[in-house]
Amino acid sequence: MNISFLDLRQEYIKIKKEVNKSILDLMQRGDFILGKDEKIFEEEFAQYCNTKYALGVNSGTDALFLSLLACNIGRGDEIIVPCFTYIASAFAISYTGAKPVFVDIDEQTYNIDTKKIERLITKNTKAIIPVHLFGQSAKMREIISLAKKYNLKIIEDAAQAHGAEYYGKKVGSLADTGCFSFYPTKNLGGCGDGGMVTTNNKNIYKKILRLRDYGRRDRYHHVVKGYNSRLDTIQAVILRIKLKNLDKWNQLRRKNAEIYNNFLRDLDVVLPKEENNVKHVYHAYSIRLKNRDKIVQKLCSRGISTSIYYPIPLHLQPAYKELNYKKGSFPIAEKVSRDMLNLPIYPYLEKAKIEFIAKVLKEIL
Ligand SMILES: *Cc1c(COP(=O)(O)O)cnc(C)c1O
């Protein structure tokens, strides 16, 4: 059996007719930039997240970057962010001129360790970026109470967590802004790059509305040095259709995680831990095991593709050598980066394939 890590075609097949028709309609209309479907998708996404506003931008990275700018963050400011995430969580900070201040993660959930944040807060700290890693919400209550105490902004990196919940509320609605990516492999993925900012703050909304579209008030009147960062209408057309399926697809991911859990329970591996009071949407299904790299090879030789995220924590990336972190700075993230393995978990992954992966793993171990 050959099992790929991802299979985006399966989702397309389910919605093919609707997608093809909607794209043809768009070609007839031709409103490719900030067109009708883009506006409707913003309304639908805001409603889905239960926020007042949603703004389409050209990537998840820009959703973070423009959120930071809208919170007046720039040179001289420090922003707290976990060191175990995709690099974009930190790059967005660097683009503003501010400095990322890394924090280690919790060994159970792989999210930011909220107990280690307070000691890193200085007079320059302006915001915290919790990442809802792999589809599970970070401990927002603890983060919100720290933000209140020190007057900090909170920008949620929800790029991997469309539809995830925390105490019954959707991620993206819990802080100053929520930042989503529609990169094709995400739980809600387009056919190219795309992103969204959600917020309840009218002032932030108005600022990002300008920043994403050349800082203009009207066609040729530019009030700030803005950017070209808009969500293409063609992506919105596709994403509107996919959004209608998101809950179903997240449910299938959760079911697949449960099937894995049942098959792998007796093996010598650490399974994902789902916290109480959250709804995990399993962007990734991560296990941890000894001799990971050898096992990856053996799985591969049996036709099973896996993926390692993230092999190098952010504080050890060459791009951040000027921050002078050392090996040993964040022991949990470093340990996890050595022994974590991500198994295929897309919605239409068949049960027989999960069973096969579990069987092969059992033989190897
Ligand atoms: C994918 C991702 C991003 C960046 O999103 P893009 O749309 O690729 O720019 C940011 N943060 C996290 C945690 C991500 O997984």
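## The ligand site

The ligand occupies the space of the largest pocket in this predicted model. Its shell is made up of 14 residues, of which G60, T61, D157, S181 and K186 are the closest. Among the secondary-structure elements, α3 (60-70) and α4 each contribute at least two residues to that shell.

## Polar groups facing the ligand

Oxygen atoms of the ligand are approached by polar side-chain atoms of two residues: for T61 the distance to a ligand oxygen is 2.5 Å, and for Q160 the distance to a ligand oxygen is 2.8 Å. A nitrogen atom of the ligand, in turn, lies 2.8 Å from a polar side-chain atom of D157. The ligand taken alone would expose 380 Å², and the protein buries 92% of that area.

## The surroundings of T85

T85 is placed in the loop that runs between β2 (78-82) and α4 (88-95), the latter being one of the helices that supply residues to the shell around the ligand. Because its relative accessibility is 3%, and buried means under 20%, T85 counts as buried.

The side chain of T85 makes a polar contact, at 2.8 Å, with the side chain of S89. Leaving aside residues up to four places away in sequence, T85 touches V131, L133, Y310 and L314. For P130, which is 45 residues from T85 along the chain, the separation between the C-alpha atoms of the two residues is 9.9 Å.

Methods
Residues numbered from 1 in each chain as written. Predicted model: local features only at pLDDT ≥ 70, side-chain atom pairs only at ≥ 80, totals over all residues. Heavy atoms only, no water. Helix = DSSP H or I, 4+ residues; strand = E, 2+ residues; numbered from the N terminus. Buried < 20%, exposed > 50% of the residue type's maximum accessible area, 1.4 Å probe, protein only. Contact = heavy atoms within 4.5 Å. Polar contact = N/O pair within 3.5 Å; in protein donor to acceptor, adjacent residues only side chain to side chain. Near = heavy atom within 4 Å. Areas by Shrake-Rupley, 256 points an atom, 1.4 Å probe, with all protein chains shown as cover. 1 Å grid on protein atoms, 1.4 Å probe; cavity = no way out; pocket = protein on both sides within 12 Å on 5 of 7 lines; lining within 4 Å. Sits in = over half its atoms within 2 Å of the grid points.
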